[in-house]
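Here is a short set of exercises for getting to know a protein you have not met before. Keep the sequence and the 3D view open, and try each task before you read its solution.

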Amino acid sequence: IFFRLLTMFELAALVASGAYCYLAAGGVPSFWSAGVSVKIAMVTFIVLAVYEVVRLVFGDPLTKQRAFLKTLGSQEKKRQINVNEWIDGYNALHHNSDYVKEGDKAGVEERETKYQTLVNAYYELATLFYEWGWGQCFHFATLGSRERFIESIRRHEYYLAGKLGVTRGQKVLDCGCGIGGPGRNIAAYTGAQVTGITLNEYQVQRGNELAKAQGLSALYRSVQGDFMKLPFEDASFDGVFAIEATCHAPDRVKCYSEIFRVLKPGSVFACYEWCLTDKYDKNKPEHRDWKKKIEEGDGLPDIAHTSEIDQALKDSGFELVETEDVVDYTLQGDLPWYHPLTPSWNPFTQRFQFTPIGLAIMPQLLKVLEYIGAAPKGTCKVQSMLQQAAIGLAKSGEVGAFTPMYLCVARKPTN
């Protein structure tokens, strides 16, 4: 205990002297005095002491953050990517600064043509951030008043799984599986054999690694591939689902047609789609800005309207069983899907980053980590991209102009 206290005093003194040296480089300001140095040292000591008490009583609250930074620092070398170059290339595909849906033809066409590059680059950069900040299931859900976050996520998945009508041993495809969180949950829930497909190699490796760690390798596997050109034989699956994934498709009809092809006759495709709603107004600058933030921060070529999804399913040969926005499936006291993206002054939650202080501090903190080599160069740009997407999602969700849970249930005819 003595040596821990001594270490905290030394760190506090180091912070105070470091602040003085930093300011001294440009000339010590008039307000600086020995008293200011003491106050900085005392505040630092108190913060460190509180952290130490929390660590001893509840466990280290920064374990997850340290593991994230360690993985982030080594991932660039292991994956042989240059984060800074990748994020600049990704941002170049979203070059239009302002547009209406019909007025961004050049930008949309370029993103649709290069969608594999767009989506792969996005998830190569964002997957680790997602898993650290959100968990293994990359999707939204309303939060019941008596639910924990992970329970709401699973309940949302099980509701969709129930629409498939599959039983133990049947084969199910997860289109756009991420690191396989929903696929593993649905496999364990139904007993079905679930195969997940994703463009990104890292997600495939991570998904299979987690399946093995969770003892689900017999029920779940991830494979690398393109859901626009599914590498499976005709009529090979008893059910197909997609959770907030086919929004990445540059052509919904082509994507749904591939799903139609691999489904057995009479089987069901069920999905949650990201969509613009009737409340979206392309003539309102703030609506266009939110849409752009979502597209840029979530690797989307464009965002479809709910009516476009219905028509695309019909054009692909499906019989529509049910389409409905389940965003309003809430009871009194429940929290909306976008609640995790709204500001909170609790510094130990990821919502803190959306406060004015968090918005100012996070970029500077990441720049420091980049400077000392604890994070790859470009990490700050990736975080900024994801943060802006979250702001666009929350704002558009609050007014109902966007939904991430447009439920679609469609059946392949038996004839």
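The exercises below go from the whole chain to single residues, and the model they use is a predicted one.

**Exercise 1. Take stock of the whole protein: how many helices and strands does its secondary structure come to, and what share of its residues counts as buried?**

Step 1. Begin with the secondary structure, which comes to 14 helices and 7 strands.

Step 2. Turn to burial: 49% of the 415 residues count as buried.

Step 3. Look at the surface. The accessible surface is about 20,200 Å², and carbon and sulfur atoms account for 58% of that.

Step 4. Finish with the contacts. Taking contacts between residues at least 6 apart in sequence, 75% join residues at least 24 apart.

**Exercise 2. Work out the strand order of the open sheet, and find which strands stand at its edges.**

Step 1. Trace the 7 strands across the sheet, and you should read E3-E2-E1-E4-E5-E7-E6, with mixed pairing.

Step 2. Go to the two ends of that order. Strand E3 (220-224) and strand E6 (319-325) each have a single partner strand, so one side of each is left without a neighbour in the sheet.

Step 3. Check the twist: neighbouring strands are turned by 20 degrees against each other on average, direction ignored.

Step 4. Zoom in on the pairings. Strand E2 (residues 193-198) runs parallel to E3, with 5 bridges joining them, and isoleucine 197 stands opposite valine 223 in E3. E1 and E2 are also paired in the parallel sense, over 5 bridges; here leucine 173 has threonine 195 in E2 as its bridge partner.

Step 5. See what lies against the sheet. Helix H10 (residues 252-262) packs on it and touches strand E1 (171-175), E4 and E5. The direction of H10 makes about 150 degrees with that of E5.

**Exercise 3. Explore the largest nonpolar core: which of its residues touch the most other members, and which element gives the largest share?**

Step 1. Find the core's best-connected members. Among its 43 residues, Phe140, Phe241, Trp274, Trp337 and Leu393 touch the most other members.

Step 2. List the elements that give two or more residues to this core: helix H7 (149-164), helix H8 (181-190), strand E4 (237-243), strand E5 (263-276), helix H14 (379-399) and strand E7 (402-411). The largest share, 5 residues, comes from E5.

Step 3. Pick one member and look around it. Beyond its neighbours within four places in sequence, tryptophan 337 is in contact with Phe140, Ala141, Thr142, Val327, Leu393, Gly397, Phe402, Pro404 and Met405.

Step 4. Look for another core. A second, separate one has 28 residues, including Leu173, Ile197, Val240 and Tyr406.

**Exercise 4. Decide whether threonine 142 is buried or exposed, and say where it lies.**

Step 1. Locate threonine 142 in the loop between helix H6 (115-133) and H7.

Step 2. Compare its relative accessible area with the cut-off: buried means under 20%. Threonine 142 has 4%, so it is buried.

Step 3. Ask what surrounds it. Residues up to four places away in sequence aside, threonine 142 touches ten-odd names you can click through, among them Glu147, Arg155, Tyr329, Trp337 and Met405.**Exercise 5. Find out which elements cover helix H8, and which residues of H8 are buried.**

Step 1. Note that H8 is mostly covered, with 8 of its 10 residues buried. These are Gly181, Pro182, Gly183, Arg184, Asn185, Ile186, Ala187 and Thr190.

Step 2. Look at the cover over those buried residues, which includes H7, E1, E2, helix H9 (201-213), E3 and E4.

Step 3. View H8 from the side of H7, where alanine 161 has its place. At 4% relative accessibility, alanine 161 counts as buried. Apart from neighbours within four places in sequence, alanine 161 is in contact with Ile186, Tyr189 and Thr190.

Step 4. Compare sequence with space. Alanine 161 and alanine 187 are 26 residues apart in sequence, and their C-alpha atoms are 9.4 Å apart.

Step 5. Step past the end of H8 to glycine 191, whose phi is positive, near 80 degrees.

**Exercise 6. Check the span of helix H13 (residues 356-372): what should it be at 1.5 Å a residue?**

Step 1. Use one less than the number of residues, times 1.5 Å. For the 17 residues of H13, the span should therefore be 24 Å.

Step 2. Set this against the model: the end C-alpha atoms of H13 are 25 Å apart, which agrees.

Step 3. Mark the buried residues of H13, which are Gly358, Pro363, Leu366, Leu369 and Glu370.

Step 4. Move on to glycine 373, which follows H13 and has a positive phi, near 85 degrees.

Technical notes:
Residues are numbered from 1 along each chain as its sequence is written. This is a predicted model: local features need pLDDT of at least 70, side-chain atom pairs count only at pLDDT 80 or more; totals for chains, interfaces and linings use all residues. Side-chain values use heavy atoms; hydrogens and water are left out. A nonpolar core is a set of buried Ala, Val, Leu, Ile, Met, Phe, Trp, Tyr and Cys residues joined through side-chain atoms within 4.5 Å. Buried means under 20% relative accessible area, exposed over 50%, partly exposed in between (1.4 Å probe, protein chains only). Helices (H or I, at least four residues) and strands (E, at least two) are DSSP runs, numbered from the N terminus. Contact means heavy atoms within 4.5 Å. Accessible areas come from the Shrake-Rupley method with a 1.4 Å probe; for residues, only the protein chains shown count as cover. Two strands pair if DSSP finds at least two bridges between them. Axes are lines fitted to C-alpha atoms, for helices over the stretch in contact, and angles run from 0 to 180 degrees between N-to-C directions.
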